[in-house]
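Open the model in your viewer and keep the selection tool ready. Each stop below tells you what to pick and what to look for.

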Amino acid sequence: MNQTIKFVARATAVAAALSIAGTAFAAPVVDANIELDNTSREGTAVAAADRGLTQSGRVELNVSNKVGEDMFVAGKASFLSKKDGTVATDDMWVQLGSATGDVKLGRFEAADLFPLAGDTLVNHADADANAATSTPTIYAANKLRGRQGGDVFHAAGTLNLGSGFAFELGAIQTTTTTLITSGARGWRPVVSYASGPLAVKLGMESGEYNSGNKISGFGLTASYDFGSFKLTGNVAQGKQDAAANETTKSYALSAAMGGLGVGYASGVNDLTGGDIRVNTTYVSYKMPLFGITGASVTPALSSSTAKDSVAGTSLQETAFRVRLNYAF
């Protein structure tokens, strides 16, 4: 009798352990997709060697999991194998907390304060001119949003305040040596509100660029889902990474209707004696491919002009892209 009781007890303990293990170590979610961009760029804003048709792409592999209810731990890693033969990590983070609040650490992007609907192709005419300093005229309040160098510390804490309100505080910190090659460091608080079809985010960023110049900017985005289409508006203002610390004001309006995305973005960079003005319009349309689940084709068109009243120059770029995507 005692042996039977001991056997039942051991069997029960093993079953409980296996049950706990099955819950704690649930199989991760694995998915992948391939994306191929066929792009043509023309115009005076494009270097002569870069004009014409090019092709780029990548295979993305995502591994993620979340365990726990009242308290949880989640993690995700996104790996990229690119057409140029290189490999990279897009996201790699761990998140822990509860429904009330959580902390995310690693490589990721925090709240987007300047989203553009259907942004398959949005090329600004001054992008090449500012490639060396990464200071495009259209400021998007995203200098401290994330995905910086490999050894840069990035964390974001989120508190769900109830009634649709939430508060996110992001921090990107690093050593001075790393800062020289990895962008910027500082703090990025964001307050968001979501209720029904309305969503609003207001945030700011404060810190310094790798040049030592200070970051000071804010962004406001609001969207409303009308059912048949969703309208998004953005406003941002901030200091640019330049010797004169010019102030840039940016605006954008975009709409999504099914697979169709259209938008307009504008930026003004105030300079001594004048300004730089950039205006960009774009359209994209995502369509199913052969009725195959997960397969799509997206043609997209972008047109942009940049006028520098100080230098007396005007640049223009027109770009066209056909994106093929297959999720499997």
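Select arginine 147. This residue lies in the loop between S5 and S6. The model is predicted, so read every value here as computed from it. Check the backbone: arginine 147 has a positive phi of about 55 degrees, yet it is not a glycine. Is arginine 147 buried or exposed, or in between? It counts as partly exposed, because its relative accessibility is 29% and the buried class ends under 20%.

Stay in the loop and pick alanine 141. Its place is between strand S5 (101-107) and strand S6 (153-162). Alanine 141 also carries a positive phi of about 55 degrees without being a glycine. How accessible is alanine 141? Its relative accessibility is 1%, so alanine 141 counts as buried.

**The whole chain**

Zoom out and colour by secondary structure. The protein chain has two helices and 17 strands. Now colour by accessibility. Of the 328 residues, 37% are buried. The accessible surface comes to about 17,500 Å², and carbon and sulfur atoms account for 62% of that area. For a contact map, take pairs at least 6 apart in sequence: 50% of those contacts join residues at least 24 apart.

**The cores**

Nonpolar side chains tend to be buried together in soluble globular proteins. Where does that show up here? Select Phe114, Leu116, Ile138, Ala252 and Val278. These touch the most other members of the largest nonpolar core, which has 19 residues. Add strand S14 (residues 274-285), which gives the most to this core, with three residues. A second, separate core has six residues, including Val152, Ile172, Tyr209 and Ile215.

Return to leucine 116 and show its neighbours. Leaving aside residues up to four places away in sequence, leucine 116 touches Val122, Asn234, Ala252, Ser254 and Tyr282.

**Glycine 261**

Next, select glycine 261 in strand S13 (residues 260-271). Glycine 261 is buried, because its relative accessible area is 1% and the cut-off for buried is under 20%. Which residues does glycine 261 touch, not counting those up to four places away in sequence? They are Ala117, Gly118, Ala255, Tyr282, Val283 and Ser284. Tyr282 is also one of the residues that leucine 116 touches. Draw a distance from glycine 261 to alanine 117. The two are 144 residues apart in sequence, but their C-alpha atoms are 5.6 Å apart in space.

**The rings**

Show the aromatic side chains. The structure holds four aromatic pairs. One of them joins phenylalanine 226 and phenylalanine 229. The centres are 4.8 Å apart, with 15 degrees between the planes. Why is this pair called stacked? Because planes under 30 degrees apart count as stacked.

Check the cover on both rings' residues. Phenylalanine 226 is partly exposed, with a relative accessible area of 48%. Phenylalanine 229 is partly exposed too, with 27%. Add Tyr224 to the selection: ring pairs link Tyr224, Phe226 and Phe229 into a cluster.

**Charges over rings**

Finish with two lysines. Select lysine 66 and phenylalanine 72. The charged end of lysine 66 sits over the phenylalanine 72 ring, 4.3 Å from its centre. Then select lysine 104 and phenylalanine 108. Here the charged end of lysine 104 sits over the ring of phenylalanine 108, 5.2 Å from its centre.

Methods
Residues are numbered from 1 along each chain as its sequence is written. This is a predicted model: local features need pLDDT of at least 70, side-chain atom pairs count only at pLDDT 80 or more; totals for chains, interfaces and linings use all residues. Side-chain values use heavy atoms; hydrogens and water are left out. Helices (H or I, at least four residues) and strands (E, at least two) are DSSP runs, numbered from the N terminus. Buried means under 20% relative accessible area, exposed over 50%, partly exposed in between (1.4 Å probe, protein chains only). Contact means heavy atoms within 4.5 Å. A nonpolar core is a set of buried Ala, Val, Leu, Ile, Met, Phe, Trp, Tyr and Cys residues joined through side-chain atoms within 4.5 Å. Rings of Phe, Tyr and Trp (its six-membered ring) pair if their centres lie within 6.5 Å; planes under 30 degrees apart count as stacked, over 60 as edge-to-face and the rest as tilted. A charge sits over a ring if NZ of Lys or CZ of Arg is within 6 Å of the ring centre and within 35 degrees of the ring normal. Accessible areas come from the Shrake-Rupley method with a 1.4 Å probe; for residues, only the protein chains shown count as cover.
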